[in-house]
Amino acid sequence: MSEPEETEDRALRERLGALRDEPPSFDFQSALHRRLVDAGPPDPAPGWDWVRWLFRHRAPIVWPSVGVAAGVAAFLLLGAVWAPPAPPPAVASRPLAVPGTQVPVSKVAVIKLDFTADVAVAQADFQVSLPEGLSFWADGEELPLRSFQWTQALSAGSNVIPIAVRGQRPGRYLVTAEARAGGQRIEHDVVLEVTDG
């Protein structure tokens with residue numbers, strides 16, 4: 001070793017030798033305990049330490065409060081995100097025929113059902129019911145049905161559906177037409193007067 005290194009080494013050993021542990025006095029432990037008790041628990045530091053302290057010491061109040069706050073937040077979040085379902089497309093109908101339309105017993109009457117839809121409907125259910133005294137007519141002959149049901153799509157706008165009927169005897173008859181699309185139900189009545197002739 002060189003001379004400066006030995007000098008530094010000697011100086012370091014002298015400093016370390018000066019550091020001696022002095023044993024604490026006999027009443028040090030009890031005095032420290034008294035001072036800590038008198039000082040009380042330390043104040044929680046701001047931030048997460050304060051939150052941890054709050055959950056440890058105020059749990060009977062904090063946990064229910066957190067639960068209620070989470071419930072309110074979930075309710076508000078779902079209310080903001082969830083949109084109510086769109087109402088089914090409206091299917092409106094124009095008058096089926098002028099009330100009091102007269103048709104002779106010897107003729108076939110064509111009732112034009114004109115259903116108007118705001119938007120296209122993939123599937124609509126229809127039903128036309130006839131009273132006694134009227135009958136459906138197809139391909140030149142009477143059909144034995146009193147009621148006829150079918151399903152079809154509706155395009156946006158006007159949808160004309162012709163129904164051929166024939167009166168068996170003179171009188172005023174009420175023809176009932178019904179359409180169902182989604183949750184909507186539309187019913188129309190047509191008064192048809194059958195006369196001699």
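Is Ser-135 buried or exposed, and at what relative accessibility? Ser-135 counts as buried, because its relative accessibility comes out at just 1%, where under 20% is the cut-off. We'll come back to this serine after a look around the chain. Keep in mind that this is a predicted model.

**The overall layout**

The chain has 197 residues, and 20% of them count as buried. In secondary structure there are 4 helices and 10 strands. Walk along the sequence and you meet the pattern α-α-α-α-β-β-β-β-β-β-β-β-β-β. Contacts often reach across the sequence: among those with a separation of 6 or more, 69% join residues 24 or more positions apart. On the outside, the chain exposes about 14400 Å², with carbon and sulfur atoms supplying 60% of that area.

**How sure is the predictor?**

Mean pLDDT for the chain is 81, and 89% of the residues reach 70 or more. Of the elements, strand β4 (residues 121-129) has the highest mean, 90, while strand β1 (residues 91-93) has the lowest, 49. Over residues 93-98 the pLDDT stays under 50; the model has 17 contacts beyond four places in sequence for this stretch.

**A helix with little cover**

Helix α1 spans residues 3-18, which makes 16 residues. From first C-alpha to last, α1 reaches 23 Å, close to the 22 Å expected at 1.5 Å a residue. How many of its 16 residues are buried? The count is 0, so to speak a helix that is hardly covered.

**The core and its rings**

Nonpolar side chains tend to be buried together in soluble globular proteins. Here, the largest nonpolar core has 26 residues, and Leu-113, Phe-126, Val-128, Ile-163 and Val-165 have the most contacts inside it. Strands β3 (108-117), β4, β5 (134-138), β7 (147-154), β8 (157-167), β9 (171-181) and β10 (184-195) each supply at least two residues of this core.

A search of the whole structure turns up 3 aromatic pairs. One of them is Phe-148 with Trp-150, a tilted pair with 5.4 Å from centre to centre and 35 degrees between the planes. Ring pairs also link Phe-126, Phe-136, Phe-148 and Trp-150 into a cluster.

**Five residues by accessibility**

| Residue | Relative accessibility | Class |
|---|---|---|
| Ser-135 | 1% | buried |
| Tyr-173 | 9% | buried |
| Trp-150 | 16% | buried |
| Phe-148 | 37% | partly exposed |
| Asp-139 | 81% | exposed |

**Three residues to look up**

Back to Ser-135, which sits in strand β5. Beyond its neighbours within four places in sequence, Ser-135 is in contact with Leu-130, Glu-142, Leu-143, Arg-146, Ala-164, Val-165, Arg-166 and Gln-168. One of these, Val-165, is also among the residues with the most contacts inside the core.

Next comes Tyr-173, found in strand β9. Which residues does Tyr-173 contact, leaving aside its neighbours within four places in sequence? They are Pro-131, Glu-132, Gly-133, Leu-134, Val-190, Val-191, Leu-192 and Val-194. Between Tyr-173 and Val-191 there are 5.7 Å in space, C-alpha to C-alpha, although they are 18 residues apart in sequence.

Last is Asp-139, in the loop between β5 and β6 (141-143). Most residues other than glycine have a negative phi. Asp-139 is not a glycine, yet its phi is positive, at about 55 degrees. Asp-139 counts as exposed, because its relative accessibility of 81% is over 50%.

How values were computed: Residues are numbered from 1 along each chain as its sequence is written. This is a predicted model: local features need pLDDT of at least 70, side-chain atom pairs count only at pLDDT 80 or more; totals for chains, interfaces and linings use all residues. Side-chain values use heavy atoms; hydrogens and water are left out. Buried means under 20% relative accessible area, exposed over 50%, partly exposed in between (1.4 Å probe, protein chains only). Contact means heavy atoms within 4.5 Å. Accessible areas come from the Shrake-Rupley method with a 1.4 Å probe; for residues, only the protein chains shown count as cover. pLDDT is the predictor's confidence in each residue, from 0 to 100. A nonpolar core is a set of buried Ala, Val, Leu, Ile, Met, Phe, Trp, Tyr and Cys residues joined through side-chain atoms within 4.5 Å. The expected span of a helix is 1.5 Å times one less than its number of residues. Rings of Phe, Tyr and Trp (its six-membered ring) pair if their centres lie within 6.5 Å; planes under 30 degrees apart count as stacked, over 60 as edge-to-face and the rest as tilted.
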